[in-house]
Amino acid sequence: MNLIFLGPPGAGKGTHAKVICEKFGVLQLAAGDILRKNVKEGTSLGLQAKAVMERGALVSDELVNNMMFAEILALKSSKGFILDGYPRTIVQAEALKKFFAKEKIALTAVINFMAPEEVLVDRLSGRRGCPKCGKIYHVRNMPPKKDGICDRDGEKLTIRKDDEPETIRHRLKVYHESTKPLVEFYRKTGLLHDVLAGGDAPSVQKILEKLFEKIH
Ligand code: AP5
């Protein structure tokens, strides 16, 4: 099962990808997480991406395409993957289509996460993450058992630099300009499934699990 998770920042792509991966044995390839890892490690890719990410803009198509193609090839023999936050522009989607054809990889479905803008802003403003295991929390919707501490490994939770109010607004604008056109791009393929993702996490999870049992 090879999936694309499409949707605006804060729609829950990362949160739900992690749970779906555990349940269906597929692997998550989150473009943002891979880029942040490169920034942390100070690789040449990370050095080029850092400032762009901090202001909530998009990293160049060429850099992201090359990075994601290498990651996908490394997983080719697995049970499948979720591309979370990739592709994000028409140029990336066209390049991915060619890459899949060349590598004989079949795309199973594209999930289009949809939620009202005020919900997205609220979710991003309250997001906290574990720098060690990557688990995502929300101060109110999905709080850890102990304030500010990861339930899994006791690590201190952190706030993403691009979750500042002004950067959130810019990321939403970038989504509307560059990523939203992908909804129609994939609708034409017949593989797109719209998911109303503005509800609480258990109800969104239920919708997704039902959908995946059907398409698995
Ligand atoms: P990335 O890390 O991909 O960020 P994003 O797409 O902006 O998405 P988010 O991670 O913010 O949102 P999400 O939908 O995963 O929400 P989450 O599950 O965390 O990208 C970051 C940057 O990297 C980009 O700005 C760009 O610079 C660069 N980049 C990445 N990919 C690129 C590409 N392809 N091309 C170029 N540049 C690229 O949930 C958010 C919060 O809500 C959490 O606190 C969570 O607990 C809570 N929550 C989630 N679901 C629910 C629910 N159902 N109910 C209540 N709370 C919920």
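Biologist: Which oxygen does a polar side-chain atom of Arg-36 lie close to, and at what distance in Å?
Modeller: An oxygen atom of the ligand, 2.9 Å from that polar side-chain atom of Arg-36. A polar contact here is a pair of N or O atoms within 3.5 Å. This is a predicted model: local features need pLDDT of at least 70, side-chain atom pairs count only at pLDDT 80 or more, and totals for chains, interfaces and linings use all residues. Residues are numbered from 1 along each chain as its sequence is written, and side-chain values use heavy atoms, with hydrogens and water left out.

Biologist: How much of the ligand does the protein bury?
Modeller: 97% of the 1,000 Å² that the ligand exposes taken alone. Areas come from the Shrake-Rupley method with a 1.4 Å probe.

Biologist: What about backbone atoms of Gly-10 and Gly-12?
Modeller: A backbone N or O atom of Gly-10 lies 2.9 Å from a ligand oxygen. For Gly-12 the distance is 3.0 Å.

Biologist: How many residues surround the ligand?
Modeller: 37, each with a heavy atom within 4 Å. Arg-88 and Arg-127 are among the closest.

Biologist: Switching to H9. Which residues of H9 are buried?
Modeller: Val-204, Gln-205, Leu-208, Glu-209, Leu-211 and Phe-212. Buried means under 20% relative accessible area, exposed over 50%, partly exposed in between (1.4 Å probe, protein chains only).

Biologist: Why are they on the same side of H9?
Modeller: Because they cover an arc of only 165° around the axis. That arc uses directions from the helix axis to the C-beta atoms.

Biologist: And which exposed residues are on the face turned away?
Modeller: Pro-202, Lys-206, Lys-210, Glu-213 and Lys-214.

Conventions:
Polar contact = N/O pair within 3.5 Å; in protein donor to acceptor, adjacent residues only side chain to side chain. Helix = DSSP H or I, 4+ residues; strand = E, 2+ residues; numbered from the N terminus.
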